[in-house]
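Biologist: Could you take one part of this model and walk me through it slowly, in words a first-year student can follow? I would like to hear what surrounds it and how it fits into the whole chain.

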Amino acid sequence: MVEMTGVSKEKMLGQGDHAYSIPFYGERRKQLLDLLDMDDEDLKAKYDHITRKGETLYAETETPALYGGTGRMSGQ
């Protein structure tokens, strides 16, 4: 994860109250792992690009605070 995002493990691990999401979104918010406990109706109401198949969530998202504010890696 560190290699992919450039965010150090110290900024992610052990961060309570959703502080671990700040390097990715610029604010405290739930991330995909936090959504595992939500029921399907709540997921569909809040997130457009998440589908549950059995015990697996498939998701697509942008992280606007990464990569110079673009939210995505360029040509690798």
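**A close look at the loop between H1 and H2**

Modeller: Leaving aside residues up to four places away in sequence, Ser21 touches Gly26, Glu27, Arg28, Arg29 and Gln31. Please keep in mind that this is a predicted model, and that Ser21 belongs to the loop between H1 and H2. With a relative accessible area of 0%, Ser21 is buried, because buried means under 20%. The side chain of Ser21 also reaches the backbone nitrogen of Arg29, at a distance of 2.8 Å.

Beside it in the sequence is Tyr20, which lies in the loop between H1 and H2 as well. Tyr20 has a relative accessibility of 18%, and since the limit for buried is under 20%, Tyr20 counts as buried. If residues up to four places away in sequence are again left out, the contacts of Tyr20 are Lys11, Met12, Gln15, Gln31 and Asp34. The C-alpha atoms of Tyr20 and Lys30 are separated by 9.2 Å, while the two residues stand ten residues apart along the chain. The side chain of Tyr20 is also joined to that of His18 by a polar contact of 2.9 Å.

That contact leads us to His18, which is in the loop between H1 and H2. His18 is partly exposed, with a relative accessible area of 24%, and its phi angle is near 60 degrees, a positive value in a residue other than glycine. Asp17, placed in the loop between helix H1 (2-5) and helix H2 (22-25), has a phi near 50 degrees, which is likewise a positive value in a residue other than glycine. Asp17 counts as exposed, because its relative accessibility is 57% and exposed means over 50%.

Asp17 also takes part in a pairing of charges. Side chains of opposite charge can pair when their charged atoms come close. Here the side chains of Arg28 and Asp17 meet in a salt bridge, at 3.6 Å from N to O. This pair links distant parts of the chain, eleven residues apart, with Arg28 in the loop between H2 and helix H3 (40-46) and Asp17 in the loop between H1 and H2. Arg28 is partly exposed, with a relative accessible area of 47%.

The count of salt bridges comes to two. Arg52 forms one with Asp40, where the closest N and O atoms are 2.6 Å apart. Arg52 lies in strand E1 (residues 50-53) and Asp40 in helix H3, so this pair ties together parts that are twelve residues apart in sequence. Arg52 is partly exposed at a relative accessible area of 26%, and Asp40 counts as partly exposed at 38% relative accessibility. Another charged group is found at Lys53, whose charged end sits over the ring of Tyr58, 5.5 Å from the centre of that ring, whereas the count of aromatic pairs comes to zero.

To set the loop in its wider frame, the protein chain has three helices and two strands, which follow the pattern α-α-α-β-β when read along the sequence. Buried residues make up 22% of the 76 residues in the protein chain, and Ser21 and Tyr20 are both buried. Among the contacts with a separation of 6 or more, 25% are between residues 24 or more positions apart. The accessible surface of the protein chain comes to about 5900 Å², and carbon and sulfur atoms account for 48% of it.

How values were computed
Residues are numbered from 1 along each chain as its sequence is written. This is a predicted model: local features need pLDDT of at least 70, side-chain atom pairs count only at pLDDT 80 or more; totals for chains, interfaces and linings use all residues. Side-chain values use heavy atoms; hydrogens and water are left out. Helices (H or I, at least four residues) and strands (E, at least two) are DSSP runs, numbered from the N terminus. Buried means under 20% relative accessible area, exposed over 50%, partly exposed in between (1.4 Å probe, protein chains only). Rings of Phe, Tyr and Trp (its six-membered ring) pair if their centres lie within 6.5 Å; planes under 30 degrees apart count as stacked, over 60 as edge-to-face and the rest as tilted. A charge sits over a ring if NZ of Lys or CZ of Arg is within 6 Å of the ring centre and within 35 degrees of the ring normal. Contact means heavy atoms within 4.5 Å. Accessible areas come from the Shrake-Rupley method with a 1.4 Å probe; for residues, only the protein chains shown count as cover. A polar contact is a pair of N or O atoms within 3.5 Å; within protein, one must be able to donate a hydrogen and the other to accept it, and residues adjacent in sequence count only if both atoms are side-chain atoms. A salt bridge is a side-chain nitrogen of Lys or Arg within 4 Å of a carboxyl oxygen of Asp or Glu.
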